[in-house]
Amino acid sequence: MQTTTDAPSPNESKRSFLKFILAGGLTALAASIFYPILAYMKPPKQGEVEISSVKAGKLSDIPKDSGTIVKFGTKPVILVRNANGDLRALSATCTHLDCTVQYKKELGLIWCACHNGKYDLNGRNVSGPPPRPLEEYRVVVQGEEVLISKNA
Ligand code: FES
């Protein structure tokens with residue numbers, strides 16, 4: 001009389017257990033090799049550093065009726081000194097499509113070359129496509145040093 005059983009023989013179950021352990025070990029080995037490589041290749045996350053003020057230079061170095069682009073962290077700021085010598089700092093990023101604006105001495109305006117947008121020296125959008133005025137920054141003169149800071 002022949003008996004049949006569906007249960008695997010003890011050798012087969014040992015073999016499948018060893019295969020399972022070997023596959024897990026190989027997976028762990030591959031992960032331990034490739035994870036540090038991938039982690040090294042991925043650039044680290046860097047948050048934008050919050051800047052509260054920047055030095056724009058000496059007052060005597062900024063001529064009247066001129067405009068200068070100053071870096072405020074990662075953003076450009078335009079420092080305008082009008083014909084009377086008054087200073088004003090405004091965001092140099094056009095409110096239309098983010099081009100950098102410039103001081104146009106012959107027009108007495110701040111001008112965006114991308115689509116001929118114009119702002120007055122107070123940052124108000126006066127012609128062209130810009131929908132909003134330029135953001136204003138605070139300018140403080142300490143001795144000879146010109147400091148630009150965010151408006152509170
Ligand atoms: S981006 Fe300045 S006018 Fe269009």
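**Exercise 1. Find the aromatic pair in this structure and describe its geometry.**

Step 1. The structure holds one aromatic pair, where pairing asks for Phe, Tyr or Trp rings (for Trp, its six-membered ring) with centres within 6.5 Å. This is a predicted model, in which local features need pLDDT of at least 70 and side-chain atom pairs count only at pLDDT 80 or more, while totals for chains, interfaces and linings use all residues. Residues are numbered from 1 along each chain as its sequence is written, and side-chain values use heavy atoms, with hydrogens and water left out.

Step 2. A pair of aromatic rings is described by the distance of the centres and the angle of the planes. For F72 and Y137 these are 5.0 Å and 65°, an edge-to-face arrangement (planes under 30 degrees apart are stacked, over 60 edge-to-face, the rest tilted).

Step 3. F72 belongs to strand β2 (residues 66-72) and Y137 to strand β9 (residues 136-142), so the pair ties together parts that are 65 residues apart in sequence. Strands are DSSP runs of E with at least two residues, helices are H or I runs with at least four, and both are numbered from the N terminus.

Step 4. Now look at burial. F72 is buried at 5% relative accessibility, and Y137 is buried at 3% (buried means under 20% relative accessible area, exposed over 50%, partly exposed in between, with a 1.4 Å probe and protein chains only).

**Exercise 2. Work out the surroundings of Y119, starting from its strand.**

Step 1. Place Y119 in strand β7, which spans residues 117-119.

Step 2. Check its accessibility: at 0% relative accessibility, Y119 counts as buried.

Step 3. Follow the side chain of Y119, where a polar atom lies 3.0 Å from the backbone nitrogen of T95.

Step 4. Finish with V101, which is 18 residues from Y119 in sequence, with a C-alpha to C-alpha distance of 9.2 Å.

**Exercise 3. Compare the radius of gyration of the protein chain with that of a compact globule.**

Step 1. Take the radius over C-alpha atoms, and use 2.2 Å times the number of residues to the power 0.38 for the globule.

Step 2. For 152 residues the globule would come out near 15 Å, but the protein chain has 33 Å.

Step 3. Add the box: the C-alpha atoms fill roughly 115 × 40 × 25 Å along the principal axes.

Step 4. Set burial beside this: 24% of the 152 residues are buried.

Step 5. Close with the elements, one helix and ten strands, with the helix ahead of the strands in the pattern α-β-β-β-β-β-β-β-β-β-β.

Definitions and conventions: Polar contact = N/O pair within 3.5 Å; in protein donor to acceptor, adjacent residues only side chain to side chain.
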